[in-house]
Amino acid sequence: MTERMNELFGGLQDPMSRRELLRRAGRGSVFLGVGALLAACGIQGEDDDAGPAPTEASPSPLPEIAGQVVVANWPLYIDRAKGESPTLVSFTEETDIQIDYQVVINDNEEFFGTIQEPLSRGQSAGYDIIVVTDWMVAKMIRLGFLQPLHHDRLPNFEANAFEKFKDPSYDPGNIYSIPWAAGITGIGYDIERTGRELTSREDLWDPAFEGHVGMFTEMRDSFGFALLANGVVPEEATMEDVEAAQQKLLEQRETGIVRGYFGNDYTDQLATGNLWVSMAWSGDIFALQQDNPNLRFIIPEEGAMRWTDNMVIPVGAEHPADAHEFMNFVYDPRIATNITEWVWYESPVSQVPDLIRQDAAEASGGEAELLDQIAESPLVFPSEEVESQLYNYKNLDEEDERAWNELFQAVVQG
Amino acid sequence: MTTTVETAAPRSARWRRAGPPYSLLLPGGLWLLVFFVVPMVSMLSVSLQEGSLEQGYELTWRFQTYLDVLGKFDRQFIRSIFYGLMVTGALLLICYPLAYTIAFRGGRWKNALLFLLIMPFFVSFIIRTLEWKFILADDGFIFGPLKNLGWLGQDFRVLATPFAVIGGLVYNFLPFMALPLYVALERMDRSLLDAAGDLYSSRTSAFLRVTLPLSLPGVFAGSLLTFIPAVGDFINAEVLGGINTTMIGNVIQNEFLVNNDYPEAAAISFLLLAGILIGVAVYAKLLGTEELTG
C-alpha cells in the first residue's frame with residue numbers, strides 16, 4: 001500500500017525530474033486532448049452558414065414521382081372506416097403512390113424534439129409531410145427546417161381554399177405551408193360527472209372537480225387559457241401578464257385541482273372518466289360524443305384559442321414530389337368533405353360545408369342528422385359570432401419563447 | 001544489453017499466456033468505447049456548452065449549469081431517489097420470501113414457478129404499464145363497482161398519485177430483484193443449515209446467521225438492478241403519475257425534447273450518474289463488497 005502511495009505521489013514530494021515533468025506534461029496533453037474532443041462536440045446553430053438558409057424562398061426543382069410518401073399526423077385526424085382510411089386508399093388507387101400514414105404526433109414540441117436533430121443537419125427525419133400548428137410552422141421557417149412549396153403543383157389549393165386560409169400571418173403567401181384543418185382550444189367536459197353546465201374558464205379552478213381537471217402540455221394553449229382567464233388578450237400579453245398567468249396555473253396545481261398535463265392523450269382520460277373537465281380541441285370532443293353523448297364542448301365566455309394545423313415538407317424529405325401530390329389530393333372538395341365528416345374540424349376547403357349538406361340530404365336517419373349537425377355547427381365552421389370570441393397565439397421570438405417556457409415548465413414539471 | 005534480453009524473454013512468455021484472454025476483451029471493449037465512452041464524452045461536452053437551438057451550442061465550460069439544475073430540480077432529484085429507495089425496499093420485502101420459497105420449497109415445481117414469475121414480462125414494458133392505467137382507472141372495472149357499492153369514497157383514486165408510480169415501478173422491476181435473490185439462495189449449501197442445527201441453533205438464528213448472510217450477494221445485485229433503473233425511470237411517472245410525481249427522468253426527457261435545452265439535460269444526467277455512483281459505493285461499503293464479489 002505505502003509502496004503504491006509513494007509511486008503515486010512520489011513525484012510531488014521529490015524535486016521534479018525531467019522524466020517526471022514530461023510524464024506530467026503528457027498527462028496534461030491528455031486533458032487538452034479531451035478538451036479538444038469536448039469542443040468538437042459543439043452543436044451547430046441554424047444561423048451558421050452551414051445550416052440550410054431560412055430565406056431560400058424559391059423552391060428547388062422537384063424530382064420525379066417516387067411512388068411513395070410518408071406522412072406524420074395527429075390522432076383522430078383522418079377518416080376511418082373498417083380499419084382503414086378511405087381517403088388514403090383512394091389516394092393510392094388514383095396516383096399509384098404508396099402512402100405510409102403515421103399517427104405519431106401527440107404534442108408539437110415533443111414531436112419537434114424527435115425530428116429536430118436530423119433537420120438541423122439538413123437530413124431527412126423520415127417524413128415527407130408533417131402536420132404542425134401555425135406557431136410551429138413559423139418556428140420551423142425561422143430555423144430553415146422547411147422546403148418552399150411548388151404552388152404550380154397545388155392547383156386544388158389555389159382553386160378551392162377559403163380566402164381566410166390563404167396568406168396567413170405565420171406564413172405569408174403560403175410559401176411553406178398549406179392548412180390541414182383548423183380548430184379551437186376550449187373546454188371539454190362530461191356533463192354527467194360535473195353535474196352542471198360549464199360556461200367559464202373559472203370552472204377549471206372549481207374545487208368541486210378536484211383531481212379531475214386536465215390541462216395541456218402545449219405551452220401556448222395552457223398559457224393562452226390562463227391569460228384569457230385573467231382577462232388578457234394572448235397576442236398582447238406582456239411578461240408580467242405571463243407571470244400572472246403562471247401564478248394562476250400554479251394555484252390550480254397547488255390546490256390539487258388539476259390532475260395532470262396532457263397532450264392529445266387527454267381524449268382517453270376524458271373517455272375513461274379519469275378527467276371530468278379538460279382543456280380540449282373542438283373536433284376531438286365531437287368525435288368522442290359519438291361514443292359518449294354526455295361529453296360537451298364549449299367556448300368559455302372569456303374566449304378561446306384559435307389554431308390552424310398545416311401540412312409542411314421538412315428539409316431533406318425524400319419524396320417531395322409525392323408529398324405535393326398528396327397535398328393537392330386532400331384539397332379535392334370531395335376528399336376534404338370525407339375527411340371533415342369524420343374528423344369534425346374546420347376544413348380549409350370552401351366547398352366542404354355545402355357538400356356536407358348535400359350528403360345530409362342524400363343520407364337518412366341518424367346519419368343525416370349527424371351530417372346536418374356538422375355542417376351547421378358554429379364550432380366546426382365558426383360563425384361570425386364565434387369568430388369574435390377567438391384569439392390567436394402570440395408570435396414569440398426565441399428569447400420570449402424561452403422565457404415563457406421556463407415559466408411554464410415550472411408549472412408542469414413540479 | 002544483457003538485462004534487456006533477460007527481461008524480454010519472460011515478458012513475451014507472459015504475453016503468450018495472457019494475450020489470448022485479453023484479446024477476448026476486444027469486442028466488448030470496442031463496443032463500450034463506441035457506445036459508452038464516446039456518448040459520455042459527447043454528453044459531458046454538451047453539459048458544458050451554452051447557446052440555443054437557433055444560435056447553436058458552443059463549449060464555454062460553463063459549470064454553473066450544474067448548480068442551476070440542482071437548484072431548479074432539487075425536488076425531482078430528491079423525489080426520484082426517495083421513490084428508488086421505496087421501490088427497492090418494497091421489492092426486497094416482496095421478493096425475498098418469494099425467492100426463498102421457490103428455492104427451498106419449490107421442489108420439482110421450481111422451474112415452473114420461475115417461469116410463472118417471468119411470464120408477464122414477455123409482454124412489452126409499455127403495454128403492461130398502459131394496461132395498469134386502464135385497470136386502475138377512477139371508474140374502471142375495479143374501482144367503479146367498489147365505488148357504487150359505497151366501499152370506496154367517490155373521490156378515491158390511485159392513478160396520478162405517488163402510490164401509483166411507486167407501485168408501477170415495483171411491478172415492472174420485480175424479476176430483477178427476484179431472480180438474483182433466487183440464484184443466491186438456490187446455490188447455498190444446505191448442509192450448512194444442518195450443521196447449524198447440530199450446533200443447537202434455532203431455525204430463526206440459523207436463518208439470521210447462515211442463510212441471510214449467504215444471500216447478501218443476491219440482495220446487493222438485486223438492489224442495484226432495481227434501484228438504478230428505478231431512479232432514472234420516466235415511463236411509470238408519465239403514464240401512472242400526475243402532478244407532484246415528476247421524476248428526474250421526466251425532467252431530462254422534457255429538457256431534451258421539449259425545451260431543447262441540451263446543456264441542462266446533459267448536466268442533470270451527469271448529476272444523476274454521480275449521485276447513483278456515490279450511493280452505490282456507500283451501499284457496497286456498508287454490505288462489504290469484498291465478501292460479495294470475492
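# Exercises on helix packing, burial and chain contact

**Exercise 1.** The axes of helix α13 (residues 333-343) and helix α14 (residues 352-362), both of chain A, approach within 9 Å and cross at roughly 70°. Classify the mutual orientation of α13(A) and α14(A), and list the residues that make the contact.

*Solution.* The model is predicted: local features need pLDDT of at least 70, side-chain atom pairs count only at pLDDT 80 or more, and totals for chains, interfaces and linings use all residues. Residues are numbered from 1 along each chain as its sequence is written, while chains are lettered from A and ligands numbered from 1 in the order in which they are written.

Step 1. Helices (H or I, at least four residues) and strands (E, at least two) are DSSP runs, numbered from the N terminus. Axes are lines fitted to C-alpha atoms, for helices over the stretch in contact, and angles run from 0 to 180 degrees between N-to-C directions.

Step 2. Angles under 35 degrees count as roughly parallel, over 145 as roughly antiparallel, 65 to 115 as roughly perpendicular and the rest as oblique. Therefore α13(A) and α14(A) are roughly perpendicular to each other.

Step 3. From α13(A), the contact (C-beta atoms, placed from the backbone, within 7 Å) involves A:Pro333, A:Arg334, A:Ala336, A:Thr337, A:Thr340 and A:Glu341. From α14(A) come A:Val352, A:Leu355, A:Ile356 and A:Asp359.

Step 4. The contact of α13(A) with α14(A) divides into 5 nonpolar, 2 polar and 3 charged residues. Here Ala, Val, Leu, Ile, Met, Phe, Trp, Tyr, Cys and Pro count as nonpolar, Asp, Glu, Lys and Arg as charged, and the others, Gly among them, as polar.

**Exercise 2.** Compare the span of helix α17 (residues 398-412) of chain A with its expected value, and determine how its buried residues are arranged around the axis.

*Solution.* Step 1. The 15 residues of α17(A) reach 20 Å from first C-alpha to last, close to the 21 Å expected at 1.5 Å a residue. The expected span is 1.5 Å times one less than the number of residues.

Step 2. A residue is buried if 20 or more other C-beta atoms, placed from the backbone, lie within 10 Å of its own, exposed if 12 or fewer, and partly exposed in between. In α17(A), A:Glu401, A:Trp404, A:Phe408, A:Gln409, A:Val411 and A:Val412 are buried.

Step 3. Viewed down the axis of α17(A), these buried residues fall within an arc of 140°, so they line one face of the helix. The arc is that of the directions from the helix axis to the C-beta atoms.

Step 4. The packing partners of this buried set are α8 (219-229), α9 (239-254) and β7 (258-262) of chain A, together with α12 of chain B.

**Exercise 3.** Establish to what extent helix α11 (residues 282-289) of chain A is enclosed, and name the elements against which its buried residues pack.

*Solution.* Step 1. Of the 8 residues of α11(A), 6 are buried, so the helix is largely enclosed by the rest of the structure.

Step 2. The buried residues are A:Ser282, A:Gly283, A:Asp284, A:Ile285, A:Phe286 and A:Leu288. They pack against β5 (177-190), α10 (266-272), β8 (277-281), β9 (295-298) and α13 of chain A.

**Exercise 4.** Describe the surroundings of A:Asp322 in helix α12 (residues 320-329) of chain A.

*Solution.* Step 1. A:Asp322 has 27 other C-beta atoms within 10 Å and is buried.

Step 2. Leaving aside neighbours within four places in sequence, A:Asp322 contacts A:Ile65, A:Ala66, A:Gln68, A:Val69, A:Ile97 and A:Asp128. A:Gln68 lies 254 residues from A:Asp322 in sequence, yet their C-alpha atoms are 6.5 Å apart.

**Exercise 5.** Characterise the side of chain B that touches chain A.

*Solution.* Step 1. In chain B, 36 residues are in contact with 30 residues of chain A.

Step 2. α2 (25-47), β1 (49-52), β2 (56-59) and α12 (248-257) of chain B each supply at least two residues of this side. The largest share, 5 residues, comes from α2(B).

Step 3. By class, the side of chain B comprises 16 nonpolar, 14 polar and 6 charged residues.

**Exercise 6.** Are B:Trp61 and B:Asn244, each with a positive phi, buried or exposed?

*Solution.* Step 1. B:Trp61, in the loop between β2 and α3 (64-72) of chain B, has a phi of about 55°. With 12 C-beta neighbours inside 10 Å, B:Trp61 counts as exposed.

Step 2. B:Asn244, in the loop between α11 (235-240) and α12 of chain B, has a phi near 60°. With 14 other C-beta atoms within 10 Å, B:Asn244 is partly exposed.

Definitions and conventions: Contact = placed C-beta atoms within 7 Å.
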